Amino acid sequence: MKATELLQHTKHRSFNIPKRPWKFYQEWNKALFFHWELEPKELEPLLPQGLELDTINGKGWISLVAFDMNNIGVRSVPKLPHISDFHEINLRTYVKRHGKPSVYFLSMEGSKRSSCSILKMISKFPYQHANIKRNDYSYHSQNTKQNNNLDVEYRLGDYLNYKDETDIWLTERYTVFQDYRDSLIAYDVHHLEWPIQTLNVKKLEVHYPKFDKLLKNAPNRSHYSKGVQVLTWGKRKLPIAHS
């Protein structure tokens, strides 16, 4: 789908797309979602000043998302072959700023060193390199620097004909934040509503020492999506003191 057509589909969003031109294109494909429900007091200490924990039914959530990042490019510039395609894992929680539902990244890992280095420099997101391998039914990752390990075996289930309020709350987020020095970095994104399938998890071992207390139980929800095309606007730098 062309960008002009993507921009015409906005009814699923909770707030309007930015009026300024978008800057980057990318695809988030073959995504595995694992979601844990937690007490707000377990997540609030992880947030930088300026962001408020978002909750649903009085609970906060943390999600591990393992997917393929594809076809990264700058608008009107050819795709960058050395960094455009790699496997990515991010660990995120859900936040608000000025009432807008958003995402805050706790951890980000990529399978290409060059991609991690360049994207970390450009975006200020906390990319680290991990050895990641995947096939149609498994996803394996090891980050030796942080001693992070992920080992997943799965099968795909049926498409969800109905998404409940929590499914939508967890997946339809159109601003992402990261703290950087004395500021918050914000990116606005746009994509179609995630197409979601059920995920039959045969094996799931998650070991992220920094977050093991939050990930110690089985996920409360698991999803799979074939993916979405994504438009991203240039980063905004926001003073942390402005909450």
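Visitor: Which residues does His129 touch, not counting residues up to four places away in sequence?

Guide: In this predicted model, His129 touches Gly110, Ser111, Lys112, Arg113, Cys116 and Asn143, once residues up to four places away in sequence are set aside. His129 itself lies in strand S6, which covers residues 127-129.

Visitor: And what lies 3.4 Å from a polar atom of the His129 side chain?

Guide: That is the backbone oxygen of Ser111, which sits 3.4 Å from a polar atom of the side chain of His129.

Visitor: OK, where is Ser111 found, then?

Guide: Ser111 is in the loop between strand S5 (100-110) and helix H3 (113-123). Leaving aside its neighbours within four places in sequence, Ser111 is in contact with Phe86, His87, His129, Ala130 and Ile132. Its side chain also has a polar atom that lies 2.9 Å from the backbone nitrogen of His87.

Visitor: How many residues lie between Ser111 and Met69 along the chain, and what separates them in space?

Guide: They are 42 residues apart along the chain, and their C-alpha atoms are separated by 9.9 Å. For Leu64 and Ser111 the figures are 47 residues in sequence and 16 Å in space, C-alpha to C-alpha.

Visitor: Is Met69 buried or exposed?

Guide: Met69 counts as buried because its relative accessibility is 4%, and buried means under 20%. The residue is found in strand S3 (residues 60-74), and its contacts, leaving aside neighbours within four places in sequence, are Gln26, Glu27, Trp28, Ser84, Asp85, Phe86, Glu88 and Tyr127. Phe86 is also among the contacts of Ser111.

Visitor: Glu88 is on that Met69 list; which side chain has a polar atom 3.1 Å from the backbone oxygen of Glu88?

Guide: That side chain belongs to Tyr139, one of whose polar atoms lies 3.1 Å from the backbone oxygen of Glu88. Tyr139 is in strand S8 (residues 138-143), and it is classed as buried because its relative accessible area is 0%. Its C-alpha lies 5.1 Å from that of Val152, and the two residues are 13 apart in sequence.

Visitor: Switching to another histidine: what polar contacts does the side chain of His223 make?

Guide: One polar contact, of 3.2 Å, runs from the side chain of His223 to the side chain of His35, and another, of 3.0 Å, joins the side chains of His223 and Asp167.

Visitor: Where is His223 placed, and is it buried or exposed?

Guide: His223 is in strand S13 (residues 221-232) and counts as buried, with 4% relative accessibility. Setting aside neighbours within four places in sequence, His223 is in contact with Ala31, Leu32, Phe33, His35, Leu160, Asp167, Ile196, Gln197 and Leu199, so that list, with contact meaning heavy atoms within 4.5 Å, includes both of its polar partners, His35 and Asp167.

Visitor: Backbone now: which residue in strand S1 are you going to show me, and what is its phi?

Guide: Lys30 is in strand S1 (residues 24-38), and its phi is near 50°, a positive value in a residue other than glycine. Lys30 is partly exposed, with a relative accessible area of 34%.

Visitor: What about Arg181, what is its phi?

Guide: Arg181 has a positive phi of about 55° although it is not a glycine. It lies in the loop between strand S10 (175-180) and strand S11 (183-190), and it is exposed, because its relative accessible area of 73% is over 50%.

Visitor: Zooming out, how many helices and strands are there in the protein?

Guide: The protein has four helices and 14 strands. Of the contacts between residues at least 6 apart in sequence, 72% join residues at least 24 apart.

Visitor: What radius of gyration does the protein have?

Guide: The protein has 17 Å, which agrees with a compact globule, because one of 243 residues would be near 18 Å. The C-alpha atoms fill a box of roughly 45 × 40 × 40 Å, taken along the principal axes, and buried residues make up 52% of the 243 residues.

Visitor: And what about the surface and the charges?

Guide: The accessible surface comes to about 12,200 Å², with 49% of it belonging to carbon and sulfur atoms. There are 36 positive and 26 negative charges, and their mean positions are 7 Å apart.

How values were computed. Residues numbered from 1 in each chain as written. Predicted model: local features only at pLDDT ≥ 70, side-chain atom pairs only at ≥ 80, totals over all residues. Heavy atoms only, no water. Helix = DSSP H or I, 4+ residues; strand = E, 2+ residues; numbered from the N terminus. Rg over C-alpha atoms; globule rule 2.2 N^0.38 Å. Buried < 20%, exposed > 50% of the residue type's maximum accessible area, 1.4 Å probe, protein only. Areas by Shrake-Rupley, 256 points an atom, 1.4 Å probe, with all protein chains shown as cover. Lys, Arg positive; Asp, Glu negative; His and termini not counted. Charge placed at Lys NZ, Arg CZ, Asp CG, Glu CD. Polar contact = N/O pair within 3.5 Å; in protein donor to acceptor, adjacent residues only side chain to side chain.
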